[in-house]
Amino acid sequence: ELVWAAYESFEHGHIIWRDDTREIYILYDDSSYELYKDTWQEGDPVNIPGTPPPGLFAPVRGFGNLYANQPHLQERLGWATATEVGYTMTVETVPGGSGRYRGASTFFTLPDNRVVSLYPFSSTWRLFP
């Protein structure tokens, strides 16, 4: 399935947004991840404390809203290393699990076509070249 998405790289991870589900994935460098609903609406103010060092960036729009309202993201991710980019993401959800461990594995592409695999039971992710 092809969906519109946005991507931004950070000092210690990545943020990805999916248009179809309005979900934001926070992928940390330690291979853990978090999932949030995107609650930002066009025109909502984004007030991020502090100023990024030269060569780094503060996230904007929905990424900035989440970053401003979840202070632990600032601590764990650091500042953005590039500005947000939009792209067409390929997504595949594979049903899985058994017994009390029901769930699905999700695979999606980054702008450079590398594939991210999310492991929901352990809240971890892996990148495939």
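## Fold, pocket and hairpin of a predicted model

With 129 residues, the protein chain has a radius of gyration of 15 Å, which agrees with the value near 14 Å for a compact globule. That radius is taken over C-alpha atoms, and the globule rule is 2.2 Å times the number of residues to the power 0.38. This is a predicted model, where local features need pLDDT of at least 70, side-chain atom pairs count only at pLDDT 80 or more, and totals for chains, interfaces and linings use all residues. Residues are numbered from 1 along each chain as its sequence is written.

The protein chain holds 2 helices and 8 strands. Along the sequence they read β-β-β-β-α-α-β-β-β-β. Helices (H or I, at least four residues) and strands (E, at least two) are DSSP runs, numbered from the N terminus.

Some overall values follow.

| Property | Value |
|---|---|
| Box of the C-alpha atoms along the principal axes | roughly 45 × 30 × 25 Å |
| Buried residues (under 20% relative accessible area, 1.4 Å probe, protein chains only) | 39% of the 129 residues |
| Contacts (heavy atoms within 4.5 Å) between residues 24 or more positions apart | 46% of those with a separation of 6 or more |

Near the end of the numbering comes a hairpin. Strands β7 (residues 115–119) and β8 (residues 124–128) run antiparallel, joined by 5 bridges. Two strands pair if DSSP finds at least two bridges between them. Val115 stands opposite Phe128 in β8. The hairpin has 4 residues between the strands, and Ser123 takes a positive phi near 50 degrees.

Definitions and conventions: Heavy atoms only, no water. Buried < 20%, exposed > 50% of the residue type's maximum accessible area, 1.4 Å probe, protein only.
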